[in-house]
Amino acid sequence: MPLFGKFKYGGKNVISGSDAGAIAAKLCRPSVISAYPITPQTIIVERLAEMVNNGEMKAEMVKVESEHSAASVQMGAQATGVRTIGASCSQGLALMNEILHVISGLRLPCVMMVANRALSAPISIWNDHSDTMASRDTGWIQLHCENNQEIFDTVIQAYKIAEDKNVMLPIMPCFDGYILSHLYESVNVATQSQVDNFLPAYKAVHHYLDPKRPITIGSVAPPNCYTEFKFQQQKAMDKALKVIKKVNSEFSKEFGRSYGNGLVEEYKLKNADTVLIGMGSVCGTIKSVVDKHKGVGLLRIKSFRPFPTEDIVRALSNAKRVAVVDKAFSFGNAGPLFTEVKAVSPVKKINGFIMGLGGRSITEKDIEFVIKNAGVEKNFWVNVNE
Amino acid sequence: MKKGLKFNIGGIIDEPGNSVETKKDGWRVHKPEVDYDKCTKCGVCAMFCPDGAIFKDKNGNYKWDLDYCKGCGICAQVCPVKAIIMKEEEK
C-alpha cells in the first residue's frame with residue numbers, strides 16, 4: 001500500500017513540506033536521485049523512492065552509504081550532463097561539506113533540498129538553522145522558504161536559477177525541519193505541462209560526457225590561476241541576484257505566485273519604524289504579530305546567499321529600529337544573519353535575538369519581546385534559562 | 001586576465017594532451033645518470049617513470065627527456081642492474 005496519499009496535479013492538495021519538495025522535484029524531471037535519509041529529511045527520500053518504484057518517475061535512485069557519498073554521486077551524475085536532485089540536513093550536510101565546495105567550484109548546477117535541523121552535540125533532531133549557516137561559505141545559493149507552497153515553488157525555480165548560463169551554481173532550497181517538513185497544509189500542485197513550460201529540458205552546456213569532446217573535470221589550479229576561478233564564482237553569485245529576481249517574476253507569470261522580489265519579501269514596511277528581519281517559517285509567526293501592531297514591519301530574507309545587500313539597504317531606509325531574529329549562532333560572536341545585516345544596515349539601532357534553537361518553539365509572546373526590545377544596545381538569547 | 005591562460009568555467013580542461021605544456025625540470029634537485037655499459041635495455045625504468053620522460057632512441061638505448069624529468073629517482077630505484085645513479089644537479 002502506498003504511504004503517499006493520492007494527490008492531484010493542477011489543484012490544491014493538503015500535503016507535507018517534504019511531499020511538496022518531492023513532488024516539485026519529480027515535476028522537474030531529474031534523471032538521478034542521490035540522497036541518504038536523515039531525520040527530518042527522510043520523507044523526501046521516501047517519497048522520491050516511492051515515485052520511482054511505482055513507475056511515476058523515470059530516474060535512477062542511487063543507494064549510497066553516507067551523505068559524503070550522496071553528494072559525491074550527485075556531483076558525478078550532474079557532471080555527466082543530467083539533472084539531479086539531492087536532499088539532506090544537519091550532520092548529513094556537515095558530512096557533505098567537503099563535496100559541497102567541490103560541486104560549487106566545478107560550477108555544477110545541482111539542486112539539493114535541506115530540511116533545516118540543529119547540529120550535535122548534544123544530539124537534536126529538531127529545527128534550527130545551524131546546518132545551513134555552517135554551509136554558508138560552500139559557494140551554494142541558499143533560498144529559505146516560509147511555507148509548503150513556497151517549498152514547492154522554490155524547488156522548481158531553483159533548477160531554472162542554477163542552470164542559467166550566467167549562474168551555473170548549485171542551490172539549496174532550505175526549509176525548517178518538522179515545522180514545515182512534517183506540516184500538512186494546502187499546496188497548489190502544478191501540472192507537468194505547466195512545469196515543462198516554465199522549465200525547459202536540461203541541456204548541459206559545459207559538463208557532459210561525450211567521447212567526441214574529451215574533457216578533464218576536477219583539474220589542478222596552481223597559484224597562477226586559482227584566484228581567477230574563485231573570482232568567477234563570486235561574479236556568478238553577483239549575477240545570480242538578478243537571475244533570482246527574473247526567475248521569480250517569470251514564475252509569477254506562469255503560476256500566479258511570487259515571493260517578494262525573489263530575494264527579499266517586504267511585509268508592511270511602508271510606515272514601519274521598527275523592522276524585524278528573519279528567515280524561514282518564523283516569518284509566518286512574525287507576520288501574525290506584526291498585524292497586531294502599528295509601525296512594525298517584517299523584512300524576510302529569502303536569499304541568504306547571494307546576500308541581497310542592496311535590497312536590505314533600500315528596505316531599511318525609513319526604519320528607526322531593526323531587530324534580527326537568528327535561529328543559529330556563531331560562537332564567540334553573534335547570530336550569523338544579525339552580523340551580516342548589521343554590516344550593511346543604514347540603521348544604527350540594530351540588535352540580534354537568538355531563538356528557536358534545537359526546535360524550541362517561537363511563540364507570538366517571544367516576537368512581542370523582540371518588538372519591545374528592538375534596537376536597544378544589547379543582543380538577546382530569548383527564552384533561555386541562564 | 002593573465003596572458004596565455006584559459007579560464008574555462010569550473011576549471012574544465014577541454015584541450016586534451018596539454019600536460020606537455022607543463023615542464024617539470026624546475027622541480028629537479030637530482031638528475032639521473034646512466035652507465036650504458038651496465039644497462040641491459042630491459043626498459044623497466046621507462047615503465048615506472050611517472051612522467052613518461054624516458055624513451056627509447058634509434059639504437060635501443062633509453063634516454064631521458066630532461067624537460068619532464070622531475071628528479072624523483074624512481075628509475076634508479078627500480079633498475080635491476082643499478083645502472084642509474086641520481087647525481088646532484090649543478091646549476
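In what order do the 7 strands of the open sheet in chain A follow one another? In this predicted model, the order is S3-S2-S4-S5-S7-S6-S12, and the pairing is mixed. Chain A is divided into domain 1, residues 11-255, and domain 2, residues 264-381, and the points below take up the sheet, the domains, the contact with chain B and the nonpolar cores.

**The sheet of chain A**

- The edge strands, each of which pairs on one side only, are S3 (60-62) and S12 (303-305) of chain A, and the twist from one strand to the next averages 20°.
- Strand S2 of chain A, residues 32-34, runs parallel to S3(A) and is joined to it by 3 bridges; within this pair of strands, A:Ile33 has A:Met61 as its bridge partner in S3(A).
- Helix H2 of chain A, residues 42-53, packs on the sheet, where it touches S2, S3, S4 (84-88) and S5 (111-116) of chain A, and its direction makes about 140° with that of S3(A).

**The two domains of chain A**

- The centres of domain 1 and domain 2 of chain A, taken over C-alpha atoms, are separated by 26 Å, and the contact takes 27 residues from domain 1 and 20 residues from domain 2.
- On the side of domain 1 that touches domain 2, the elements giving two or more residues are helix H5 (130-134), strand S6 (141-144), strand S7 (171-176) and helix H8 (226-255) of chain A, with the largest share, 5 residues, coming from H8(A).
- That side of domain 1 divides into 15 nonpolar, 7 polar and 5 charged residues.

**The contact between chains A and B**

- Chain A brings 17 residues to the contact and chain B brings 11 residues; on the side of chain A that touches chain B, H8(A) gives the most, with 3 residues.
- By class, this side of chain A has 8 nonpolar, 6 polar and 3 charged residues.

**The nonpolar cores**

- The largest nonpolar core has 115 residues, of which A:Val155, A:Ile161, A:Ile171 and A:Val324 touch the most other members.
- Helix H6 of chain A, residues 148-162, supplies the largest share of this core, 8 residues, and the core draws at least three residues from each of domain 1 and domain 2 of chain A.
- Apart from its neighbours within four places in sequence, A:Ile171 is in contact with A:Val111, A:Trp140, A:Ile141, A:Leu143, A:Ala158, A:Ile161 and A:Ala162.
- A second, separate core of 10 residues includes B:Ala53, B:Ile54, B:Tyr62 and B:Cys75.

Notes. Residues are numbered from 1 along each chain as its sequence is written. Chains are lettered from A and ligands numbered from 1 in the order in which they are written. This is a predicted model: local features need pLDDT of at least 70, side-chain atom pairs count only at pLDDT 80 or more; totals for chains, interfaces and linings use all residues. Domain bounds come from an automatic or database domain assignment. Two residues are in contact if their C-beta atoms, placed from the backbone, lie within 7 Å. Helices (H or I, at least four residues) and strands (E, at least two) are DSSP runs, numbered from the N terminus. Ala, Val, Leu, Ile, Met, Phe, Trp, Tyr, Cys and Pro count as nonpolar, Asp, Glu, Lys and Arg as charged, and the others, Gly among them, as polar. Two strands pair if DSSP finds at least two bridges between them. Axes are lines fitted to C-alpha atoms, for helices over the stretch in contact, and angles run from 0 to 180 degrees between N-to-C directions. A nonpolar core is a set of buried Ala, Val, Leu, Ile, Met, Phe, Trp, Tyr and Cys residues joined through C-beta atoms within 7 Å. A residue is buried if 20 or more other C-beta atoms lie within 10 Å of its own, exposed if 12 or fewer, and partly exposed in between; C-beta atoms are placed from the backbone.
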